[in-house]
Amino acid sequence: MQEFTPIKSGKVREIYEIGDSLIITATDRISAFDHILKNTVRGKGEILTRMSAFWFDYTKDLLPNHMLSIDPADLPEFFRKPAFRGNSMKVKKLAMLPLECIVRGYITGSGWESYRKTGCVCGIALEEGLKESQKLSGPIYTPSTKADLGDHDENITYENSVRVLEKQFPGRGEEYAAALRDKSLALYSRCAGYALSRGIIIADTKFGFGLDENGQITLADEVLTPDSSRFWPLEEYREGSGQPSFDKQYVRDWLKAHPDSDYLLPDDVIEKTIQRYREAYERLTGESISV
């Protein structure tokens, strides 16, 4: 059996090269505040992979994506071991674009903190008098730079995103920036509407994109998972404060309340976290999952 080693290791995912394709494995690691926590959350990687696969399929008519297969039969034998059960996706190789494409439909998190100080989010002036967690009059696009492991993503204005892309693609920065903005907003609107029908508010999310061999913008990375989005239960939503969530905001809140934790979670927080991930998956897809 051929052995493989990752060509790249991130906070959560490992990337392996297999000829003209890649394997992306979502591990059970969990990160918060740009730190990899000392615990793992058993089954989390499988939920992330299967949820991304669901959204890739759901949005494939809007734009192409990099997913080829999550069927173990389509992966090399090495990835059929228990450590890779359900958590690995075969994808196309892309030239990744250097932005996190963030869409916010509600004012929360770092957006709320920025709004309280300046009335703006990433250079976008918002109406006065918004409450925490309030729905915006329309979703806004607020890109950020992609950080290396251990560094912080940096929120930037749309104009700065043009400059970032212009450095990599001289003469095409404005074209690519506009395309990423428009595709991100279209994806969010489509998926947020669907999620609402399943009892979940997608407060915000981030997308990643790359260029295929023909230069076509292609959806990549993970899509609308609890690691890349804020999911709120519709039935418990009340504007004016923080919200209960299906995502790792629960972990962030616990860490904020326990600053001396040294990024080590107690067992009950781990169990409640995977329960939230599982419920989000089952609500959105209509399928049960046993992890």
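The largest nonpolar core of this predicted model holds 66 residues. Within this core, Leu 180, Phe 207 and Phe 209 touch the most other members. Helix α4, residues 173-197, supplies the largest share of the core, with ten residues. A second core lies apart from the largest one. That other core has nine residues, including Ile 107, Val 121, Leu 130 and Leu 136.

Take Phe 207 next. Neighbours within four places in sequence are set aside here. What remains is a list of contacts from several parts of the chain. Phe 207 is in contact with Leu 99, Glu 100, Cys 101 and Val 103, among others. Its contacts also include Ser 184, Leu 187 and Tyr 188. Leu 219, Val 223 and Leu 224 are in contact with Phe 207 as well.

Now follow α4 to its helix partners. One is α3, residues 158-168. The axes of α3 and α4 come within 8 Å and cross at roughly 125°. At that angle, α3 counts as oblique to α4, because the roughly perpendicular range ends at 115 degrees and roughly antiparallel starts over 145. The crossing of α3 past α4 is right-handed. On the α3 side, the contact is made by Tyr 158, Ser 161, Val 162, Leu 165 and Glu 166. On the α4 side, it is made by Gly 173, Glu 174, Tyr 176, Ala 177, Ala 178, Leu 180 and Arg 181. Leu 180 thus appears here too, having already featured in the largest core. By class, the contact of α3 with α4 has seven nonpolar, two polar and three charged residues.

Another partner of α4 is α1. The axes of α1 and α4 come within 11 Å, crossing at roughly 115°. This crossing is also right-handed. From α1, Phe 54, Trp 55 and Tyr 58 take part. They meet Arg 190, Cys 191 and Tyr 194 of α4. Five of the residues in this contact are nonpolar, none is polar and one is charged.

Helix α1, residues 44-58, also packs with α6, residues 267-285. Their axes are 10 Å apart, and the packing angle is about 20°. The two helices are therefore roughly parallel to each other, since 20° falls under the 35 degrees cut-off. The crossing is left-handed. Lys 44, Ile 47, Leu 48, Arg 50, Met 51, Phe 54 and Trp 55 form the α1 side. They meet Ile 274, Tyr 277, Arg 278, Ala 280, Tyr 281, Leu 284 and Thr 285 of α6. The contact of α1 with α6 divides into ten nonpolar residues, one polar and three charged. Phe 54 and Trp 55 serve in this contact and in the one with α4.

Gly 45 also lies in α1. Is Gly 45 buried or exposed? Gly 45 is buried, because its relative accessible area is 0%. Beyond neighbours within four places in sequence, Gly 45 is in contact with Ala 26, Thr 27, Asp 28 and Asn 87.

From Gly 45, step to Phe 84. The two are 39 residues apart in sequence and 9.0 Å apart in space, C-alpha to C-alpha. Phe 84 sits in the loop between β6 (67-69) and β7 (88-92). Phe 84 counts as buried because its relative accessibility is 10%. With neighbours within four places in sequence left out, Phe 84 is in contact with Tyr 16, Thr 25, Phe 78 and Phe 79. Phe 33 and Phe 84 are 51 residues apart in sequence, with 26 Å between their C-alpha atoms.

Methods. Residues numbered from 1 in each chain as written. Predicted model: local features only at pLDDT ≥ 70, side-chain atom pairs only at ≥ 80, totals over all residues. Heavy atoms only, no water. Axes fitted to C-alpha atoms, helices over the stretch in contact; angles between N-to-C directions. Helix = DSSP H or I, 4+ residues; strand = E, 2+ residues; numbered from the N terminus. Parallel < 35°, antiparallel > 145°, perpendicular 65-115°, else oblique. Left-handed = near helix turned anticlockwise from the far one by under 90°. Contact = heavy atoms within 4.5 Å. Nonpolar A, V, L, I, M, F, W, Y, C, P; charged D, E, K, R; others polar. Core = buried A, V, L, I, M, F, W, Y, C linked by side-chain atoms within 4.5 Å. Buried < 20%, exposed > 50% of the residue type's maximum accessible area, 1.4 Å probe, protein only.
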